[in-house]
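Student: I'd like a close look at one part of this protein, the bigger of its sheets if there is a choice, and what packs around it. Could you walk me through it in one go?

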Amino acid sequence: MIDDIRAAQQTALDRIAAATTLDDVTALAGQLLGKRGDLAQLKTRLGALATVDDKKAAGQALNEATAETSAALDERRSALAGQERAARIEAERLDLTEILTRPRRGHAHIVTQAWERLEDVFVGLGFQVAEGPEVETDWHNFEALNMGVGHPARSDFDTLFVDHAGAPAGTTVLRTHTSPVQIRTMLDQEPPIYIVAPGRVFRRDTPDASHMPVFHQIEGLVVDRDISLAHLAGTIEAFTKAFFGTGFTSRLRPSYFPFTEPSGEFDIRTPSGEWLELGGCGMVHPDVLRAGGIDPEVWSGFAFGFGIDRMARERHAVSDIREMFTGDIRFSEQF
Ligand code: DAH
């Protein structure tokens, strides 16, 4: 009897060890420990044993076998559960470290970069940023700036006229420069005025390597008491050093603009000694102050204006300015 019990126990343990799924273990538990299981069958034979000692020994052996079987089932169950869990985790695993494509991060166009840096530098020098419309009146764009109808300086600007309902023909233009923002600012706010006005301007020009009919300028205007040419020269110099670097310096050359008197052009000298022409400037003409509603006996001012695209082009050594406006991503990506 004891031998039968031991044999049944060994068979049970072997079957448990051979189980490969949790379902197998559950089925085995029923077969081995259930009412019709091998151990239960052996239990029914206990009563037939001859002596009390035999019964006791066999009963003990049966209890042992039952406990061992049950412990083996538990152990096998938890081992298989662990394996199945590990397999499921492995199957459901997401590899978040995998990079399928190179991330593409964009950046601002080189004209925008130059525009924003110019604003930053002038704001750092104490200027505010002003704006004006791209579609202007002839008065703001020319007349208020001392270029009356028929003024010869008007022919420097190849103007694009716009049909504007209600306005006489030839009185609405796409602004040819940012200088009309000077007039709008003076009409809009009391001096002291310290502003820069970056913006898009338009001329009826045929595109070539250094011209575009649409381009960008930045205008500067200062109106305060006792402003002199020295303030203008000092501001241009401070700007040159702040924007280009301390190795750069600037100079003013005499020139002519109808809206400034005296007028100048300003150049910057690179550390290698090369001079680059940058823009126009001068002391605001008394007629222009008057057009802006400001008394030239009390206030004086200076103004300047220069091209932004030119600066971006110089900085990145772009040979043909038209390349900058094709919208071709292969061009923009280079900078
Ligand atoms: N508006 C001029 C142009 O487009 C540039 C300019 C010259 C602006 C002298 C100024 C200035 O403010 O004082 O050619």
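Tutor: Let's start with what pairing means here: two strands pair if DSSP finds at least two bridges between them. With that in hand, β6 and β10 are joined by 8 bridges and run antiparallel. One caution before going on: this is a predicted model.

Now the setting. The protein chain has 11 helices and 10 strands. Its radius of gyration is 46 Å, whereas a compact globule of 335 residues would have one near 20 Å. The C-alpha trace spans about 140 × 50 × 40 Å along the principal axes. Of the 335 residues, 39% count as buried. Take the contacts between residues at least 6 apart in sequence: 64% of them join residues at least 24 apart.

On to the sheet. It is an open one of 7 strands, in the order β1-β5-β6-β10-β9-β8-β7, and its pairing is mixed. At the edges sit β1 (128-129) and β7 (249-255), each of which pairs on one side only.

Let's go through the strands between those edges. Strand β5 covers residues 193-202 and strand β6 covers residues 214-224; the two run antiparallel and are joined by 10 bridges. If you want a pair to find on screen, Y194 has V222 in β6 as its bridge partner. On to β10: G220 has F304 in β10 as its bridge partner. Strand β9 (residues 275-284) also pairs with β10, in the antiparallel sense, over 5 bridges. There the bridge partner of C281 is F304 in β10. So F304 is a handy landmark: F304 is a bridge partner of G220 and also of C281.

How covered is strand β10? Of the 8 residues of β10 (300-307), 7 are buried.

What about helix α10? This helix takes in residues 308-316, and its buried residues are I308, D309, M311, A312 and R313. In general, an α-helix has 3.6 residues a turn, so residues three or four places apart point the same way. The buried residues of α10 pack against α5 (110-124), α8 (229-244) and the strands β5, β6, β9 and β10. Just after α10 comes A317, with a positive phi of about 50°.

Let's move to strand β8, residues 260-269, where you'll find T260. T260 counts as buried because its relative accessibility is 3%, and the cut-off for buried is under 20%. Leaving aside neighbours within four places in sequence, T260 is in contact with C281, G282, M283, V284 and H285. C281 is the residue we met above as a bridge partner of F304. For a sense of distance, T260 and Q334 are 74 residues apart in sequence and 40 Å apart in space, C-alpha to C-alpha.

Strand β8 also holds P262, and the peptide bond from E261 to P262 is cis, with omega near -5°. As a rule, most residues other than glycine have a negative phi, and most peptide bonds are trans. Another cis peptide bond joins P191 and P192, with omega about 0°. P192 lies in the loop between α7 and β5.

That loop leads us back to helix α7 (residues 180-188), which includes T185. Is T185 buried or exposed? T185 counts as buried because its relative accessibility is 5%. Its contacts, leaving aside neighbours within four places in sequence, are A130, I193 and I195.

One loop beside the sheet deserves a stop: D226, in the loop between β6 and α8, has a positive phi of about 55° although it is not a glycine. D226 counts as exposed because its relative accessibility is 68%.

Finally, for comparison, there is another open sheet, of 3 strands in the order β2-β4-β3, with antiparallel pairing. Its edge strands are β2 (135-137) and β3 (160-161), each pairing on one side only. Strand β4 (residues 172-174) and β3 pair over 2 bridges in the antiparallel sense, and there L160 has L174 in β4 as its bridge partner.

Definitions and conventions:
Residues are numbered from 1 along each chain as its sequence is written. This is a predicted model: local features need pLDDT of at least 70, side-chain atom pairs count only at pLDDT 80 or more; totals for chains, interfaces and linings use all residues. Side-chain values use heavy atoms; hydrogens and water are left out. Helices (H or I, at least four residues) and strands (E, at least two) are DSSP runs, numbered from the N terminus. The radius of gyration is taken over C-alpha atoms; the globule rule is 2.2 Å times the number of residues to the power 0.38. Buried means under 20% relative accessible area, exposed over 50%, partly exposed in between (1.4 Å probe, protein chains only). Contact means heavy atoms within 4.5 Å.
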